[in-house]
Protein chains: 2
Amino acid sequence: MNSNPPWQMARRAQRMNPSVIREILKVTERPGIISLAGGLPSADTFPVEAMRAASERVLRDTPREALQYAASEGYGPLRDWVAEQLAGQGLKVDASQVLITTGSQQGLDLVGKVLIDAGSRVAVESPTYLGALQAFNPYEPEYQSVPGDDDGPLADALALAQGARFFYVLPNFQNPSGRCLSETRRAELVTQAQALDLPLVEDNPYGDLWFDAPPPASLASRWSEGVVYLGSFSKVLAPGLRLGYVVAPKPLFPKLLQAKQAADLHSPGFNQRVVHEVIRDGFLRDHVPTIRTRYKAQRDAMRAALERHMPAGCHWTVPSGGMFFWVELPAGSDAMALLPKAVAHGMAFVPGAAFYADHPKPNSLRLSFVTVDAERIEQGIALLARALKETR
Amino acid sequence: MNSNPPWQMARRAQRMNPSVIREILKVTERPGIISLAGGLPSADTFPVEAMRAASERVLRDTPREALQYAASEGYGPLRDWVAEQLAGQGLKVDASQVLITTGSQQGLDLVGKVLIDAGSRVAVESPTYLGALQAFNPYEPEYQSVPGDDDGPLADALALAQGARFFYVLPNFQNPSGRCLSETRRAELVTQAQALDLPLVEDNPYGDLWFDAPPPASLASRWSEGVVYLGSFSKVLAPGLRLGYVVAPKPLFPKLLQAKQAADLHSPGFNQRVVHEVIRDGFLRDHVPTIRTRYKAQRDAMRAALERHMPAGCHWTVPSGGMFFWVELPAGSDAMALLPKAVAHGMAFVPGAAFYADHPKPNSLRLSFVTVDAERIEQGIALLARALKETR
């Protein structure tokens with residue numbers, strides 16, 4: 001008799017690893033640390049009173065429906081709302097193409113599950129969103145990074161991705177780079193992807209968080225049959241509800257739905273009804289601008305602090321929306337080695353290397369400007385600059 | 001330029017199919033149909049007022065925490081509660097082994113993701129829970145059914161499962177069969193599994209719904225290193241919250257956690273705090289007995305109706321808990337062919353064939369006694385008997 005049975009792991013489990021960012025965050029959640037490492041929205045933006053009133057109404061008017069099992073596709077009126085909202089942004093889809101997911105992270109998992117075989121090629125930006133790499137990794141793809149510049153991935157470079165199952169792109173205020181793809185680049189990329197028969201997976205958690213002007217139209221609006229589009233309520237309402245959505249071309253939808261059903265039957269109906277109750281009468285029209293105003297002021301504070309404190313040889317582009325600055329330290333710097341020194345000084349950031357599928361730039365780092373107030377942003381950047389100067 | 005790109009599906013997508021049960025339910029949700037086909041708990045058991053008060057308190061006292069991103073492991077006090085609750089049932093685990101999931105369906109998906117390679121053997125009961133087959137299918141296992149009798153899977157037959165990644169068992173009031181494994185059978189199965197180095201995955205959504213006496217101790221309490229245990233809040237509170245949990249042996253926990261993080265980051269923190277707020281002071285001690293009383297009366301109504309109406313040659317065992325009767329029609333009957341006739345008469349059930357990994361018994365069917373009142377149960381069974389008599 002053996003009391004330690006051989007738990008034999010699936011091969012894919014080798015590709016699952018602790019999130020570097022989450023491990024770092026644990027270290028940097030010490031009181032007193034000015035953490036610019038977070039990927040969280042500001043809790044000051046959560047519409048608590050609207051949520052409270054909506055929860056009350058849902059449990060008063062439709063408790064049996066809200067608390068019962070429900071359709072895997074999602075709550076009908078919420079799917080309708082998503083389709084209408086997207087139509088207003090030039091993306092014409094039927095509500096039957098909208099799948100409500102447990103955060104847009106689940107959308108990434110379902111896309112991976114349905115489209116990636118072991119050894120399949122998957123193309124990604126460089127850098128790209130770490131959570132997408134984590135979602136895709138268990139399906140054992142081979143990654144192809146597509147190089148780019150400040151306007152986005154280079155359309156010519158897309159040829160590198162030919163034969164990939166899809167190219168994963170986060171066009172608006174990307175996590176981590178803050179980059180927003182230009183109108184011209186979007187048009188070029190879609191033309192090139194069509195020529196290559198290369199499907200696109202477009203992830204858009206930050207598109208509403210623009211500071212001066214809305215971003216150019218989505219990739220999906222330019223090629224509805226060739227793009228899976230992912231959206232989220234995490235950044236415009238609250239992430240703790242875990243609600244996002246996938247909009248899929250019709251041939252793909254049934255398999256995503258079946259994968260969803262196998263994964264968790266459906267996303268919480270209570271949450272879906274509460275969100276719909278909050279947003280149904282145009283709440284976001286007034287609410288989202290308050291987030292934009294707040295984040296823009298904090299973006300400005302970080303820009304000023306970076307200009308004031310960072311030594312020569314550092315580079316960054318000022319983001320026109322979203323939550324992040326992406327900083328490149330002077331060549332030869334190592335952001336991972338810098339991190340413990342910065343923490344010793346009392347601030348934290350995320351080293352950029354984690355955001356590359358391959359060929360990481362060790363001198364890059366990500367700074368969030370949304371969860372720390374302007375005064376502490378100034379202090380945090382000053383501490384970062386001091387740590388950096390000591391290492392040189 | 002090709003405007004219809006080649007969406008190439010992963011091979012595993014071939015193993016994803018629409019749920020037979022969900023498709024049937026769509027047909028049978030017509031008004032006027034007495035549906036005994038559901039797998040839903042009774043909405044009359046949902047503690048709406050307690051949920052309302054808890055939601056109010058959570059949004060009053062900890063809105064920022066409840067609505068923000070949170071730990072992938074789950075809400076600490078809820079993990080503690082689960083560990084304490086299980087200790088009271090003889091299953092001693094540390095809260096660090098408890099992973100909160102988006103329904104126990106997600107627990108099944110994560111178990112499959114971490115433990116099943118394409119072609120791995122997975123052993124299951126005969127019949128087994130359809131949702132588990134759906135969760136495991138995308139990981140492309142080969143199934144081995146383990147035959148059994150009214151006391152559970154036959155311990156001797158477990159040798160058939162040698163070399164399997166695990167044996168999936170639902171010991172308490174199984175969906176679909178209603179079967180509860182006897183004390184003797186549990187002891188034999190665990191001894192045999194240990195001898196075979198065969199890990200067990202124990203699914204326990206219905207264990208609290210006993211009518212006369214609690215079921216024997218869990219398999220996990222007899223072999224803590226060799227059993228993954230899954231539980232759920234769906235049947236004792238409400239399924240629309242989508243909260244369940246996995247309790248894993250320590251060597252397995254980190255991979256399940258990483259799979260969870262990749263799948264949806266974490267289950268909704270708001271829901272976890274609301275559930276904890278509802279149950280923290282012993283709410284379930286008074287609430288669950290009200291569910292037992294209700295379901296037992298409806299079980300009795302269905303037993304009486306079956307005895308009164310069903311023709312000779314039909315067999316069923318009276319379940320001592322849970323939600324289902326499992327009926328075997330006379331040999332040669334085909335429950336799938338019977339279903340449209342039953343619907344024409346005004347009632348619905350689920351044909352049993354969907355619940356077998358292989359060698360389905362076409363003459364079996366599942367009846368739920370919890371969502372329809374006693375009077376309509378009587379009517380529904382009378383209609384079933386009438387449809388059956390007409391086909392013979």
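In which loop of chain B does P176(B) lie? This predicted model places P176(B) in the loop that runs between strand 7 (167–169) and helix 7 of chain B. The legends below begin with that loop.

**Figure 1. A cis peptide bond precedes P176 in chain B and in chain A.** In chain B, the bond from N175(B) to P176(B) is cis, and its omega is near 20°. In chain A, the bond from N175(A) to P176(A) is likewise cis, with omega near 20°. P176(A) is found in the loop between strand 7 (167–169) and helix 7 (183–195) of chain A.

**Figure 2. Chain A and chain B are related by a two-fold axis.** A turn of 180° with a shift of 0.0 Å along the axis lays chain B on chain A with an RMSD of 0.0 Å. That is the relation of a two-fold axis. The same surface serves both copies, since 99% of the contact residues of chain B recur in chain A.

**Figure 3. The contact between the chains draws on 75 residues of chain B and 74 residues of chain A.** On the side of chain B that touches chain A, the elements giving two or more residues are helix 2 (48–61), helix 3 (63–67), helix 5 (103–115), helix 6 (130–136), helix 7 (183–195), helix 8 (253–264) and helix 9 (269–279) of chain B. By class, the residues on this side of chain B are 40 nonpolar, 22 polar and 13 charged.

**Figure 4. Seven strands of chain A form an open, mixed sheet.** The strands follow the order 2-10-9-8-7-3-4. Strand 2 (98–101) and strand 4 (142–146) of chain A stand at the edges; each has a single partner strand, so one side of each is left without a neighbour in the sheet. From one strand to the next, the twist averages 20°. Strand 2 of chain A runs antiparallel to strand 10 (residues 244–247) of chain A, and four bridges join the two. Within this pair, I100(A) stands opposite Y245(A) of strand 10 of chain A.

**Figure 5. Helix 5 of chain A lies across strands of the sheet and meets helix 8 of chain A.** The strands that helix 5 of chain A lies across are strand 2, strand 8 (200–203), strand 9 (227–232) and strand 10 of chain A, and the helix runs at about 155° to strand 9 of chain A. The axes of helix 5 (residues 103–115) and helix 8 (residues 253–264) of chain A come within 9 Å and cross at roughly 115°. This crossing of helix 5 and helix 8 of chain A is right-handed. L110(A), K113(A) and V114(A) of helix 5 of chain A make the contact with K255(A), L256(A), A259(A), K260(A) and A263(A) of helix 8 of chain A. Five nonpolar and three charged residues take part in this contact, with no polar ones.

**Figure 6. Helix 4 and helix 9 of chain A pack at an angle of about 50°.** The axes of helix 4 (residues 76–87) and helix 9 (residues 269–279) of chain A are 9 Å apart. The two helices are therefore oblique to each other. Helix 4 of chain A passes helix 9 of chain A in a left-handed crossing. P77(A), L78(A) and W81(A) of helix 4 of chain A meet Q272(A), V275(A), H276(A) and I279(A) of helix 9 of chain A. This contact has five nonpolar and two polar residues, and no charged ones.

**Figure 7. Helix 11 and helix 12 of chain A cross at roughly 130°.** The axes of helix 11 (residues 335–345) and helix 12 (residues 374–390) of chain A come within 9 Å. The crossing angle of roughly 130° makes helix 11 of chain A oblique to helix 12 of chain A. Helix 11 of chain A passes helix 12 of chain A in a right-handed crossing. Helix 11 of chain A contributes L338(A), K341(A), A342(A) and H345(A) to the contact, and helix 12 of chain A contributes L383(A), L384(A), R386(A), A387(A), L388(A) and E390(A). Six of these residues are nonpolar, one is polar and three are charged.

**Figure 8. Four strands of chain B form an open, antiparallel sheet.** The order of the strands is 11-12-15-14. Strand 11 (315–316) and strand 14 (350–351) of chain B are the edge strands, and each pairs on one side only. Two bridges join strand 14 of chain B to strand 15 (residues 364–368) of chain B. P351(B) stands opposite L365(B) of strand 15 of chain B.

**Figure 9. H359(A) has a positive phi although it is not a glycine.** The phi of H359(A) is about 45°. H359(A) lies in the loop between strand 14 (350–351) and strand 15 (364–368) of chain A.

Methods: Residues are numbered from 1 along each chain as its sequence is written. Chains are lettered from A and ligands numbered from 1 in the order in which they are written. This is a predicted model: local features need pLDDT of at least 70, side-chain atom pairs count only at pLDDT 80 or more; totals for chains, interfaces and linings use all residues. Axes are lines fitted to C-alpha atoms, for helices over the stretch in contact, and angles run from 0 to 180 degrees between N-to-C directions. Angles under 35 degrees count as roughly parallel, over 145 as roughly antiparallel, 65 to 115 as roughly perpendicular and the rest as oblique. A crossing is left-handed if the near helix is turned anticlockwise from the far one by less than a right angle, and right-handed if clockwise. Two residues are in contact if their C-beta atoms, placed from the backbone, lie within 7 Å. Ala, Val, Leu, Ile, Met, Phe, Trp, Tyr, Cys and Pro count as nonpolar, Asp, Glu, Lys and Arg as charged, and the others, Gly among them, as polar. Two strands pair if DSSP finds at least two bridges between them. Copies are superposed by least squares on the C-alpha atoms of residues with pLDDT of at least 70 in both.
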